[in-house]
Amino acid sequence: MFGFKKNEKPTLIIEAKDIMEIIKSDYDNDMAFTLIEFSYNEKKYVMGSCVLPANAEECKENISFIFQDRVFESFEEFQTAIIIDNKNILQLEKPLEILRAGIIDNEPMLKTPWGDKRLADKAVNK
């Protein structure tokens, strides 16, 4: 009646290859990317990179890669191990829907719905 709408976070749709390129680029520059939660075919996943232990210096030697509950020490191993619907992440037919970014202790730490603006810049649904 009064035109009030519920504030819904916009959806970010992005190609998996673009996310992997950002994660790799950050790693090459001695930076951890972030942890993101995304949806693919109505299933939720968590992946990204972070510094372990959390208080360590941010450099390649301390960056680990996460997919679901698995931790990987090398980017190549990480990228190879991401299997969704029996396909490697780079072979997925549809883009991913980013739900949250910058997750620490199960809470998104960044204010935007997708966290990093670089994700939004590569969005399929601009």
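Read from one end of the sequence to the other, the protein runs β-α-β-β-β-β-α-β-β-β-β-β-α. That gives 3 helices and 10 strands. The model is a predicted one, and of its 126 residues, 42% count as buried.

The inside of the protein is a good place to start. The largest nonpolar core has 33 residues, and those with the most contacts inside it are I19, I23, I36, F38, M47, F67 and F78. Quite a few elements chip in: β1 (12–14), α1 (16–28), β2, β3, β4, α2 (75–81), β8 and α3 (117–121) each supply at least two residues of this core. The top contributor is α1, with 6 residues.

F67, one of the core residues with the most contacts, also offers a handy reference point for I83. The two residues sit 16 positions apart in sequence, and their C-alpha atoms are 9.5 Å apart in space. I83 itself belongs to strand β6. With a relative accessibility of 44%, I83 counts as partly exposed, because that label covers values between the 20% limit for buried and the 50% limit for exposed.

Turning to charged pairs, a search of the whole structure turns up 5 salt bridges. Among them is the one between E37 and R100, whose side chains meet at 2.8 Å, N to O. E37 lies in strand β2 (residues 35–40) and R100 in strand β8 (residues 96–101), so this pair ties together parts that are 63 residues apart in sequence. Both of these strands are also listed among the elements that each supply at least two residues of the nonpolar core. E37 has a relative accessible area of 14% and is therefore buried, the limit being under 20%.

Another of the salt bridges joins D85 and K43, with the closest N and O atoms 3.8 Å apart. This pair, too, links distant parts of the chain: D85 is in the loop between β6 (83–84) and β7 (87–88), while K43 is in strand β3, 42 residues apart. The C-alpha atoms of K43 and D85 are separated by 9.8 Å. As for exposure, D85 is partly exposed, with a relative accessible area of 33%, and K43 also counts as partly exposed, at 45%.

The pairing of D18 with K17 involves neighbours in the numbering. Here the closest N and O atoms are 3.1 Å apart. The two partners fall into separate exposure classes: D18 counts as buried at 9% relative accessibility, whereas K17 is partly exposed, with a relative accessible area of 45%.

Out on the surface, some acidic residues group together. D30, E57, E58 and E61 form a negative surface patch. One of its members, E57, is found in the loop between β3 (43–51) and β4 (63–67). E57 is exposed, with a relative accessible area of 58%; it qualifies for the patch because membership calls for over 30% relative accessible area and no salt bridge. The acidic residues discussed here thus cover the whole exposure range, from E37, buried at 14%, through D85, partly exposed at 33%, to E57, exposed at 58%.

Note on methods:
Residues are numbered from 1 along each chain as its sequence is written. This is a predicted model: local features need pLDDT of at least 70, side-chain atom pairs count only at pLDDT 80 or more; totals for chains, interfaces and linings use all residues. Side-chain values use heavy atoms; hydrogens and water are left out. Patches are made of residues with over 30% relative accessible area and no salt bridge: like charges are joined within 9 Å, nonpolar side chains (Val, Leu, Ile, Met, Phe, Trp, Tyr) within 5 Å. Accessible areas come from the Shrake-Rupley method with a 1.4 Å probe; for residues, only the protein chains shown count as cover. A salt bridge is a side-chain nitrogen of Lys or Arg within 4 Å of a carboxyl oxygen of Asp or Glu. Lys and Arg count as positive and Asp and Glu as negative; His and the chain ends are not counted. The place of a charge is taken as NZ of Lys, CZ of Arg, CG of Asp or CD of Glu. Helices (H or I, at least four residues) and strands (E, at least two) are DSSP runs, numbered from the N terminus. Buried means under 20% relative accessible area, exposed over 50%, partly exposed in between (1.4 Å probe, protein chains only). A nonpolar core is a set of buried Ala, Val, Leu, Ile, Met, Phe, Trp, Tyr and Cys residues joined through side-chain atoms within 4.5 Å.
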